[in-house]
There are 2 protein chains.
Amino acid sequence: MPDRRQPGQRAGLSHAAVLAAARQLLAERGLEALSMRALAARLGVSPNALYSHIESKTGLVDDLLDDTLAAVKAPDPDVEDPLEGLHALMASTYEVLLVHAELVPAYLARQGARGPNARRLGEVMLALLQRAGVTGPDAREALHVLIVHTIGAAAFATRSPLTPDIPSRATEEDHRAEFDRGLQWLLTGINAFARHEERLPSR
Amino acid sequence: MPDRRQPGQRAGLSHAAVLAAARQLLAERGLEALSMRALAARLGVSPNALYSHIESKTGLVDDLLDDTLAAVKAPDPDVEDPLEGLHALMASTYEVLLVHAELVPAYLARQGARGPNARRLGEVMLALLQRAGVTGPDAREALHVLIVHTIGAAAFATRSPLTPDIPSRATEEDHRAEFDRGLQWLLTGINAFARHEERLPSR
DNA sequence: ACCTGAACACCGTTCAAGT
DNA sequence: ACCTGAACACCGTTCAAGT
């Protein structure tokens, strides 16, 4: 996408245009290659021009992170078995993270996304946990633990450019099985404790 | 520690001296401040002099990472209840990570340490898992899931310099409780599945 | 409001040369 | 073997100025 403007003509950037170009650059050359200067070059502007549309590089990455979560399929909190719903939600998150594997190191560094999409998924998770008998402080704990497991498993499954030297014979299926297994362990444990507390309501 | 050499005199660096200075810099000013140039300045040498003693910055951080794990208290694999032993080992790892909180982002980026200390802890974990009835591929899965949970929980508990803008009312005790709870959930789930498979040996 | 040129204050790493 | 000077090829961000 070369720059076809005459000298002096406006570039006509926008927040959305910068984000789209960043995603393209990310997909083609990875997180390492996503620099303000490379992004500006791709858009045909000088590096500092980007600061008319984004606050900082960190802000840009945060927006990219939350945007990615828009693709996660959240189950209807009402109709399904809540534990199966949780499994499906986390599995969809895991899959979306793997599709955008170049972003996983950024998720780690930022400890997850924190935009509107992340908030929406968090609310669905809390609703499902409540229906599974996990309430109060336990729910927040379970939420965090499930998120940590999902992002962590995605990071393990990702040959990140930060760690090109780690040998591994594991296939994508192995990693997926490992993620599912861990998720099952967690949900089993969460459920066992929730049912135990039902019998001891005053404790 | 100012540099007290006459011009032309050798600096007398070593791998160990570079590592020690790096740890000091890290403790005083955090991971962001750990640059080759700042490290060289502290040691009174030019930046490129460091490359006579370390392979790269990544290698230096890896050595730092594994060194830190030397402080983890591994239980004797034979004497204890294996599930309690696993809990104790992961808890000790969590505590050591929090003491060196500046390193946690590096653990995330490198997906854990991979030196001799990490290997030693991994072997103890596998032995304990085996005694808890988790063997074969399940054991590797459980190992990874437990490590992901521990490093992830430590990252959540760490106000990293990478994410200074995230507000949180949670105290250190809250995070510790969350880590312990998640660990209990995991071990409960792992144990439940292991006992289930005992009854179905051919499946 | 949007963009440029120039600069500030940095990075990790390599290479030829000196002792 | 160990270290220096100089350089290469980069970073994110700010500031004054132009349209």
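What share of the atoms of DNA strand C within 4 Å of the protein belongs to sugar or phosphate? I found 43%, the rest belonging to bases.

**Basis of the entries.** I worked from a predicted model, in which local features need pLDDT of at least 70 and side-chain atom pairs count only at pLDDT 80 or more, while totals for chains, interfaces and linings use all residues. Side-chain values use heavy atoms, with hydrogens and water left out, residues are numbered from 1 along each chain as its sequence is written, and chains are lettered from A and ligands numbered from 1 in the order in which they are written.

**DNA strand C.** I counted a residue as near a strand if one of its heavy atoms lies within 4 Å of it. By this rule 19 residues surround DNA strand C, and the closest are Ser46(A), Asn48(A), His53(A), Arg37(B) and Tyr51(B). I then looked up polar contacts (a pair of N or O atoms within 3.5 Å; within protein, one must be able to donate a hydrogen and the other to accept it, and residues adjacent in sequence count only if both atoms are side-chain atoms). The side chain of Ser46(A) has an N or O atom 2.6 Å from a phosphate oxygen of DNA strand C, and for Tyr51(B) the distance to a phosphate oxygen is 2.4 Å. Asn48(B) instead places a side-chain N or O atom 3.3 Å from a base oxygen of this strand.

**DNA strand D.** I noted Arg37(A), Tyr51(A), Ser46(B), Asn48(B) and His53(B) as the nearest of 19 residues around this strand. Sugar or phosphate accounts for 42% of the strand D atoms within 4 Å of the protein. Polar side-chain atoms of Ser35(A) and His53(B) lie 3.0 Å and 3.3 Å, respectively, from a phosphate oxygen of strand D. Asn48(A) has a polar side-chain atom 3.2 Å from a base oxygen.

**Chain A with chain B.** I found 36 residues of chain A in contact (heavy atoms within 4.5 Å) with 36 residues of chain B. The two chains bury about 3,400 Å² between them, 65% of it on carbon and sulfur atoms; buried area is the accessible area (1.4 Å probe) lost on being put together, summed over both parts. In chain A, Gln111(A), Phe156(A) and Trp185(A) lose the most area to chain B, together 24% of what that side buries.

I also recorded 2 salt bridges across this interface, by the rule of a Lys or Arg side-chain nitrogen within 4 Å of a carboxyl oxygen of Asp or Glu. One of them joins Arg181(B) to Asp138(A), with the closest N and O atoms 3.3 Å apart.
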